[in-house]
Amino acid sequence: MKFIRYACLLLLPLSSLAQTKINTAKPWAYWWWMGSAVTEEGIRKNLKDYADAGLGGLHIIPIYGVKGYEQQFLPFLSPSWNKALDITLKEAEKLGLGIDLSLGTGWPYGGPWVRESDGARKFDFQGDSLLNLPTKQQVKRAAPGGEGLVVNPFDETAIRNYLTHFEQNLLKNNKVRSYYNDSYEVYGATWTNDFLPEFKRRRGYDFNPAILKRKENLTEEERQQWADYHTTLSELLRDRFTSLWTKWSTRNGKITRDQAHGSPGNIIDLYALADIPETEYFGSKQYKIPNYRLDPDYDSTRFGVPGTLTMQFASSAAHLTGKTLVSSETSTWLAEHFRVSLSQIKPIVDELFTGGVNHIFYHGIPYSPPEEKWPGWLFYASTNYNQQSHFWKDLPELNRYITAGQERLQAAKPDASVLLYFPIQDVWHGVAAGEAPFLLDVHANARRWLNDTPFGATASELRMHGYQSDFVSDSLLHRFSVKNGKLVSEAGTVYPALVIPETKYMPIETLAKLQELSKQGAKIVFVKALPAQASGYHNGQTRKQQWTELSKPLQPLVAADYLQKLKAWKIRQENMAELGLSYIRKKNAEGTLYFVTNLGNEFHRGTLRLASAARSVEVTDPLRNRQGYVPVRAQADSTSEIELALEPGESVFLQTFASMRKGKAWPEYPLAKDTLSIKGIWKIDFLEGQPQMPPPLATSRLVSWTELDHSESESFSGTGRYSIQFKLPANWEPGENRVLDLGSVRETATVRLNGQLLGKLWSLPYRIQIPAQLLKAQNTLEVDVTNSSANRIRKLDTDKFPWRKFYDINFVSIQYKPFDASKWELEPSGLLGPVVIYK
């Protein structure tokens, strides 16, 4: 048997062998090498710290440097840089950390080795003459040795030359796990040298460049030609960049991580080519969780509002093609520098989980020398997860939570109810017509091509009504077959129904495929009407006739109320969404796995009707390490009912079993029949922090310690211990379940009751169960609260201390303006309450 097992291992690609000891369940992080001014001592110390904090790996991105350290800069891909990479890889392997690498510095791909002939290009006009011009775009945030032109992503020769440079100069036989490509950001690239012959080969007719001058009041024929232009650009990006890059990486024994969004391509198809499709959570939003705060300086009009729909493009591509991992650039510009809290991060992690992400990448960690004083080396974009962060000592708590969740999610398989068609041709004939390039951005631009469209409305409606969906492109739909009346992808992912949202344009090949799938017994429903016409311009009259013939047998599949059609087909529907909960459903060897999170303020406790047959359901709280079984009411229609309490901000896993299981009962929170408000004189002793320790305080008001008497507390960043003595009401019997709720905490709290550690609270709601028999007639409560570093940096800027010393963009605010914390209001700090015990 040993021989057989090892023989099987020999059949695995090198990348798979390299991953066998790498922990992907732990969160990973972007690791910015500033000026690549890294040292062997610094690498060892930093990697050890990251491993001890619970990270699973780092993603190296060399970027601009720090002023005053020019002599330590390591030019990208130089022998000294490769030596630093080799040291990193060897040290990381000892610590069980994985290492990913950007194929370039900053972003997007480019560098000094990119000749002008290989650089990105654009069209322009001089009178009626079409011009093919270089964009001259330079790499953004480039590291020393990486400055130069951005490579042309539509030119095969340019991409081959680019990759050849890495074959010749990157450390040979390195143990990097994955090569990475950041979000597109190739601005103004609209052309390539052989666009015209490629267009004719792919579209079947000669492109008329004059159409590119038509931007408003377009005729139908002009929209069709614009769509053909976008289709061609998308295919060139797919064939000449993404496909070429992934194949090259595979030949070199690496897997790939790709952010396909922001590009002019059909992002589902581009994501699908990568081993690990990667979305991103950029910015902030106002969750309805009590005490959750949106940074007041975040500009949603400019940067957009992140949401689950954008995440689903990456996860759908993975689910359709059988990829195990879906990653996310996580918490970029979640809040202003020095103001981000762990309580703001957890809900976005939970939303990412519901969107299908299971491989979190923090954005991120600037390499900072161990000897560098606070605030250390910093990246221009928040959030900072390195040792200088105010939440560093509490970061292992978040890491443990994510690890517990990702272990379950990565081990399970997709289990969506609905396949939802994404009509990219509606985008290219519609909002994209007259605009070159049109980028499928996941930030503010997502309103135009996603959120404010019939597709976006249908996707949101499905989610709201409890129908879990994955998105499918035209090309991936062609890889589906029908078995037992269900749609099955080449990777074996099964979907009971296919929904076509209101769609005007569709490739005629897709309509033919839908007719074929329908004939084979697939359940397909068109929302309100069939698509109106075939996409594109070529042979319009012939295709119009073909369209008419293909459409006739599909007319009965149109439904005025497609949700009623799904109900009639008995497509699995969860009631959680209608109750105000967010979830993802997956399947594993035991049964059905649910991740359920309460990101609103509608649900507190109630009946969950699971669209899964079960005789037992185990509940796991990965945050508080609670686990147990709940009573199940099996229903005749293969559903199951359970009762569950889940407060705003909380989340749990539900695991169903087909058999009766015996085990510990789920430790349900008690109903709040009676409450005890903890009031009196709170003593505050400051334990550790900077820039100087305030003297002890005493207060009867739970307000920010910055509002109390001593000026030292205004700039203090650190930990203060709140302590108070209180009596238990005479009518409270011992042994009953009780819960301590701290109310508002800024930012994390370690709680002790009568000398016994209850736990660390760092996320909303700040509450924890009190063990039976711990409460006495007379009690002492101690709460150690650590605040943010916002007030400390405010003091530095008020004193005009010169800590901003970075090249390129240096340091900016969340609004991309020069950073100046001296104008900030004092950030609330400490235990704000109210503090309550209820039973």
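Here is a short chat about a predicted model, from its largest pocket to a few unusual backbone spots.

Student: Which residues are closest to the centre of the largest pocket?

Tutor: Start with the space itself, which comes to about 840 Å³ in the largest pocket. A total of 31 residues line that pocket. The ones closest to its centre are Lys285, Thr308, Glu351, Arg463 and Ser582.

Student: Okay, and how many residues of that pocket's lining are charged?

Tutor: Helices α10, α11, α14 and α15 and strand β24 each supply at least two residues of the lining. By type, the lining has 11 nonpolar residues and 13 polar ones. The charged residues number 7.

Student: Let's look at α15, then. Within what arc do its buried residues fall?

Tutor: The buried residues in α15 are Phe455, Gly456, Thr458, Ala459 and Leu462. Looking down the axis of the helix, you'd find them lining one face, because they fall within an arc of 165°.

Student: What do the buried residues of α15 pack against?

Tutor: Two kinds of element turn up here, helices and strands. The strands are β14, β15 and β19. The helices are α10, α14 and α19.

Student: Is Gln655 buried or exposed?

Tutor: Gln655 sits in strand β31, residues 651-657. Its relative accessible area is 11%, and the cut-off for buried is under 20%. So Gln655 is buried.

Student: Which side chain makes a polar contact with the side chain of Gln655?

Tutor: Gln655 touches several residues beyond four places away in sequence, including Asn588, Thr592 and Ser616. With Thr592, the Gln655 side chain reaches the backbone oxygen at 3.3 Å. The side-chain partner, at 2.7 Å, is Asn588.

Student: Now the backbone. Where is the cis peptide bond that leads into Pro375?

Tutor: Most peptide bonds are trans, so a cis one is worth a look. Pro375 is in the loop between β12 and α12. With omega near 10°, the cis bond runs to Pro375 from Trp374.

Student: Which residue comes before Gly364 in the other cis bond?

Tutor: Gly364 is part of strand β12, residues 359-366. Omega is near -10° for this bond, and the residue before Gly364 is His363.

Student: Is Asn173 buried or exposed?

Tutor: Asn173 has a positive phi, near 55°, without being a glycine. You'll find Asn173 in the loop between α5 and β8. Because its relative accessibility is 78%, Asn173 counts as exposed.

Student: And what is the relative accessible area of Asn539?

Tutor: Asn539 also isn't a glycine, and its phi is positive at about 50°. Asn539 lies in the loop between β22 and α18. Asn539 is partly exposed, with a relative accessible area of 45%.

How values were computed: Residues are numbered from 1 along each chain as its sequence is written. This is a predicted model: local features need pLDDT of at least 70, side-chain atom pairs count only at pLDDT 80 or more; totals for chains, interfaces and linings use all residues. Side-chain values use heavy atoms; hydrogens and water are left out. On a 1 Å grid over the protein atoms alone, a cavity is a set of points where a 1.4 Å probe fits but cannot get out, and a pocket is an open set with protein on both sides within 12 Å along at least five of seven lines; lining residues have an atom within 4 Å of a point. Grid points are joined across faces, edges and corners, and a volume is the space filled by probe spheres set on the points. Helices (H or I, at least four residues) and strands (E, at least two) are DSSP runs, numbered from the N terminus. Ala, Val, Leu, Ile, Met, Phe, Trp, Tyr, Cys and Pro count as nonpolar, Asp, Glu, Lys and Arg as charged, and the others, Gly among them, as polar. Buried means under 20% relative accessible area, exposed over 50%, partly exposed in between (1.4 Å probe, protein chains only). A polar contact is a pair of N or O atoms within 3.5 Å; within protein, one must be able to donate a hydrogen and the other to accept it, and residues adjacent in sequence count only if both atoms are side-chain atoms. Contact means heavy atoms within 4.5 Å. The arc is that of the directions from the helix axis to the C-beta atoms.
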